[in-house]
Amino acid sequence: MKKITMAALFLAFAVGVHAQTTQLVGEWLMTRAESKGRVQEPYFITEFKDNGKLLVMGIDFGTWTYDPSGKTVRMSSKMDKDFNGRGKILKRTNKELVINLNEVTYFYTRIKNDEIKKANEKSKLQGLWKIQNNEGVTKLLRFNSPDDFVFLTASEGMTDTYRGTWIFDPSEKTVIMVGLSKEIKGKIEIKELTDTSLVLENHGKLIQATKENPNAQKIEHLTFVYEDFPEETDGIESALPWRDFDAMVSYLENVHSLKYRRGVLLEAVNSLRYDTILSKVAVNPEKPRVRFTNLRITQSDTMQYSEKVKGNLMESFNDFFPREEPSPYRIAGVESVTVPAGTFMCTVVEGFDGEKKVKLWMINDKPGVYAKIIREEKDVFDHLDYSVQELVAIQ
């Protein structure tokens, strides 16, 4: 009888320890750290795994061991010496955890993914938001379901991408952004939220954004491959619309410039960032000769990036001037296409420029003028390089 009683007591003790340990196992959000009057709000996700592993922001950070007394937890980390030692558990409930370790008090709230998912779905935050700024920088914030976000900043030649987790709190009208961006991080107050506009306040700074229309930027991917092109191409050039150079000279003599908008894909947010391409046209009908001077115009700069000339035996056999001839290429058909400059009947050509896929819309009755151009390829890191250029005006 005594042995059974001792076994029962041991079992009760083990069950109690397991129950208390279970209260620690799981994901916790570190909301605050206090030390000697100083307060920080790191908003890091810490996971106490049941195998004793300690993860911070998904990274293997160290180990943890629970004290059966329920009063302390021992932590060990090679990444941060401040997380080595025995921490005193000041508070432990199903929702809150407070630990004092090495004279720093850490405050945690439990992450309940089901509740977060439900709140996020009802928030109206999902989608792509463009942040207004006067810095000449594109800033885009995409809230994805159920709880991940992407914050992207893009300027000429440089793109920074930050990813993380978002948690909407309808009672406080706040959104917690967990990630490594300094600009979008921590508990942020939602001052205004409609179907089209968003105003956030982060440490006294207002962040104003407008929602991007998901249907406004239709990305047409090029799916053809080299094997799709015929080996024999004899006579294919006869179907191209700009073989008469005299007709090109005659038409372009009255054109001062061609204005295009070029959208470059920001793959992380699946959105296009636009700049302006201006092709200045100069024609000498006596030679005859045609010159295209191409300028790229951004919010901060205007830069000439190329010049193309046809005449006096230059580009004589290039029926794609002012572009280079694709190789290989095929004529996909004749179709009407609508761009900002209007609607035009075009000969559509698909082909390759080196490893890059290209699709060209050549306006049939306007030699030298492309209505639309798509270029697409994967780089050595398997990132997508995609751009679409559309005619805005013939001036």
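**Strands, cores and salt bridges**

Me: Over how many bridges do strand 12 (residues 148-155) and strand 13 pair?
Reply: Strands are DSSP runs of E with at least two residues, helices are runs of H or I with at least four, and both are numbered from the N terminus. Two strands pair if DSSP finds at least two bridges between them. Strand 12 and strand 13 run in the antiparallel sense, and their bridges number eight.

Me: Which pLDDT do side-chain atom pairs need in this model?
Reply: Residues are numbered from 1 along each chain as its sequence is written, and side-chain values use heavy atoms, with hydrogens and water left out. The model is predicted: totals for chains, interfaces and linings use all residues, local features need pLDDT of at least 70, and side-chain atom pairs count only at pLDDT 80 or more.

Me: Which residue in strand 13 stands opposite Thr153?
Reply: Take the pairing of strand 12 with strand 13. Opposite Thr153, in strand 13, stands Asp160.

Me: In what order do the eight strands close into a barrel?
Reply: The pairing in the barrel is antiparallel. The order is 10-11-12-13-14-15-16-17.

Me: What is the average twist from one strand to the next?
Reply: Axes are lines fitted to C-alpha atoms (for helices, over the stretch in contact), and angles run from 0 to 180 degrees between N-to-C directions. From strand to strand in this barrel, the twist averages 35 degrees.

Me: Which residues touch the most other members of the largest nonpolar core?
Reply: A nonpolar core is a set of buried Ala, Val, Leu, Ile, Met, Phe, Trp, Tyr and Cys residues joined through side-chain atoms within 4.5 Å. This one has 43 residues. The members that touch the most others are Leu252, Leu258, Phe320, Tyr370, Tyr386 and Leu391.

Me: Which strand gives the largest share of this core?
Reply: The share is five residues. They come from residues 342-353, which is strand 23.

Me: How many residues does the second core have?
Reply: This core is separate. Its members include Trp28, Trp64, Tyr66 and Val73, and its residues number 20.

Me: Why does Trp242 count as buried?
Reply: Buried means under 20% relative accessible area, exposed over 50%, and partly exposed in between (1.4 Å probe, protein chains only). Trp242 lies in the loop between strand 17 (205-211) and helix 3 (245-252). Trp242 counts as buried because its relative accessible area is 1%.

Me: Which residue has its backbone oxygen 2.9 Å from a polar atom of the Trp242 side chain?
Reply: Contact means heavy atoms within 4.5 Å. Beyond four places in sequence, Trp242 contacts residues including Asp319, Phe320, Ile363 and Tyr370. The backbone oxygen at 2.9 Å belongs to Ile363.

Me: Which salt-bridge partner does Asp319 have?
Reply: A salt bridge is a side-chain nitrogen of Lys or Arg within 4 Å of a carboxyl oxygen of Asp or Glu. Asp319 is buried at 13%. Its closest O atom is 3.6 Å from an N atom of the partner, Arg243.

Me: How many residues apart in sequence are the parts tied together by Asp319 and Arg243?
Reply: Asp319 sits in the loop between strand 21 (302-311) and strand 22 (329-339). Arg243 sits in the loop between strand 17 and helix 3, so the pair ties together parts whose separation in residues is 76.

Me: Is Lys359 buried or exposed?
Reply: Lys359 meets Glu220 in a salt bridge (2.9 Å, N to O). Lys359 is in strand 24 (residues 356-363) and Glu220 is in the loop between strand 17 and helix 3, 139 residues apart. Glu220 is partly exposed at 26%. At 12% relative accessibility, Lys359 is buried.

Me: Which side chain does that of Asn294 meet in a polar contact of 2.8 Å?
Reply: A polar contact is a pair of N or O atoms within 3.5 Å; within protein, one must be able to donate a hydrogen and the other to accept it, and residues adjacent in sequence count only if both atoms are side-chain atoms. Asn294 lies in strand 20 (residues 289-297) and is buried at 8%. Its side-chain partner is Ser306.

Me: What is the length of the polar contact between the side chains of Thr72 and Arg86?
Reply: Thr72 lies in strand 6 (residues 72-76) and is buried at 14%. Its side chain also makes a polar contact with that of Asp67, at 2.8 Å. With Arg86, the value is 3.4 Å.
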